[in-house]
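Q: I would be grateful for a close look at one part of this protein, set in the context of the whole chain. Please concentrate on the kinked helix and its surroundings.

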Amino acid sequence: MPKIGANIYKRRDGRWEGRYIKGYGEGGGAKYGYAYAKSYTEVKQKLLKSQSLTGLSGKSSGEITFGELCERWLAAAKLTVKTSTYSGYVNMLNKQILPILGGYKLSKLSSAVFDKFTADKLESGRLNGGGGLSAKYVRDILSLIKSVVAYGEKEHLIAKDSFTISYPKSEIQEARILSKDEQARLERILISDFDTVKLGILICLYTGLRIGELCALKWKNICLADGYISVCKTIQRIKSVGNTAANKTEIIIDTPKSKSSIRIIPLPPPIAGRLKSLQPTNNEAFFLTGIEGEYIEPRTLSNRFKSYLKECEIDEINFHALRHTFGSRCIEVGIDAKCLSEILGHSSVNLTLNRYVHSSFKQKQVSMEKLCGESVLNILSPSV
């Protein structure tokens, strides 16, 4: 199954060229049409119009393959989603879905086909041959498949409710957080030989910033007068769409993952005080480097973080554990869940409670003691 998603590029003469499938030959091979324009956006609009006019009229719905449907869905999705999201779709389709399901005709899809696909992914879905994929990742794959199927139903290429796609049960795993002792040891390392990278990691530990949000942070996003950080950008390394080189990636700076992730976070006073001593004259400078136009990318920062963990003899954890730790500490000191949800940039309080907040046994003991604080049970003997 050929890879999909690489359908627009800039020509040497400065124009943009886009390609779309306009029909199929007797042998089943695709026939392509082309669109040209002076800008990427204009080509995209021309492609969408051409695809909607052409459709898949060269074949009956029963002859269309799932791979061809994916290509049509992806072309439509590209106009509405972020670059990083689109790249993720292309990568998941090409690596996990199309090699197995791409050649199936829509008329041959069934609940049994998807059940076998799910079972195989759980048992041996890793591309390196190292066993099965996690239930959570398989659920993500199936969610993408369901989006393609829903598109097929809307386009009357698949009969509605003609089959079911069942999700595997996914067990919620409690995230790793730093113990208070580990946190203290890490903080001692971070405040020694102080620089902006160490301060940045400390900021994440006390604000819940994601690693990409920290890497994209500029000094103009920090208001020391009022003591807050404005989160409006993130840096990601994504797989390059349309590049034929194997594993080619690129860095993009874009808005955060959702509208709720664009937020303002109050700064703890001790950190705000440290920031004042490091502030450069150029507010367009990236925070971590102090230089305009020069940033530190997430994987470089992650490696620096691992070196600090090794220095203070903490077992290796990923950078995101700082965010988990922040959420847990906030609940421990009594910060309101709604307030915490907004600081973390979540779309709902339930997401905050279910994903990031992990109460300790000690905290549960204290809660039970509060429950009986005013009770007549207190007059009973301890042995009761």
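A: The following account begins with the whole protein, turns to the kinked helix, and then moves outward to other parts.

The model is a predicted one. The protein has 14 helices and eight strands. Of its 384 residues, 41% count as buried. Among contacts with a separation of 6 or more, 62% are between residues 24 or more positions apart. The protein exposes about 21500 Å², and carbon and sulfur atoms supply 50% of that area.

The kinked helix is α3, which spans residues 83–101. Its kink is about 45° and is centred on Leu93. Leu93 is itself one of the buried residues of α3. The others are Ser84, Tyr86, Ser87, Val90, Met92, Asn94, Gln96, Ile97, Leu98 and Leu101. The elements against which the buried residues of α3 pack include the helices α2 (66–77), α4 and α5. They also include the strands β6 (234–239) and β7 (249–254).

One of these partners, α4, covers residues 111–124 and contains Thr118. Thr118 counts as buried because its relative accessibility is 8%, under the 20% limit. Leaving aside residues up to four places away in sequence, Thr118 touches Val138, Leu142, Ser166 and Pro168.

Another partner, α5, comprises residues 135–154, and the loop between α5 and α6 (180–190) holds His156. Asp161 also has its place in that loop. The phi angle of His156 is near 60°, a positive value in a residue other than glycine. For Asp161, too, phi is near 60° and thus positive in a non-glycine residue. His156 has a relative accessible area of 71% and is therefore exposed, the limit being over 50%. Asp161, with a relative accessible area of 64%, is likewise exposed.

The nonpolar cores come next. In soluble globular proteins, nonpolar side chains tend to be buried together. The largest nonpolar core here has 47 residues, of which Leu186, Leu275 and Phe287 touch the most other members. The elements giving two or more residues to this core are α6, α7 (196–207), α8 (211–216), β5 (228–231), α9 (269–276), α10 (298–311), α11 (321–332) and α12 (337–344). The largest share, seven residues, comes from α7. Not counting residues up to four places away in sequence, Leu186 touches Leu178, Phe305, Tyr308, Leu309, Cys312, Ile314 and Leu322. A second, separate core has 32 residues, and Leu93, the centre of the kink in α3, is among them. Other members of this second core include Leu133, Leu157 and Phe163.

The strand β7, against which buried residues of α3 pack, leads to a further site. The loop between β7 and β8 (263–266) contains Ser260. Ser260 counts as partly exposed because its relative accessibility is 26%. Its side chain is joined to that of Ser258 by a polar contact of 3.1 Å. Leaving aside neighbours within four places in sequence, Ser260 is in contact with Gly345, His346 and Ser347. Ser260 and Ser341 are 81 residues apart in sequence, and their C-alpha atoms are 9.5 Å apart in space.

To return to the part requested, α3 has its kink at Leu93, and Leu93 belongs to the second core of 32 residues.

How values were computed
Residues numbered from 1 in each chain as written. Predicted model: local features only at pLDDT ≥ 70, side-chain atom pairs only at ≥ 80, totals over all residues. Heavy atoms only, no water. Helix = DSSP H or I, 4+ residues; strand = E, 2+ residues; numbered from the N terminus. Buried < 20%, exposed > 50% of the residue type's maximum accessible area, 1.4 Å probe, protein only. Core = buried A, V, L, I, M, F, W, Y, C linked by side-chain atoms within 4.5 Å. Contact = heavy atoms within 4.5 Å. Areas by Shrake-Rupley, 256 points an atom, 1.4 Å probe, with all protein chains shown as cover. Bend = angle between axes of the 7 residues up to and from the residue. Polar contact = N/O pair within 3.5 Å; in protein donor to acceptor, adjacent residues only side chain to side chain.
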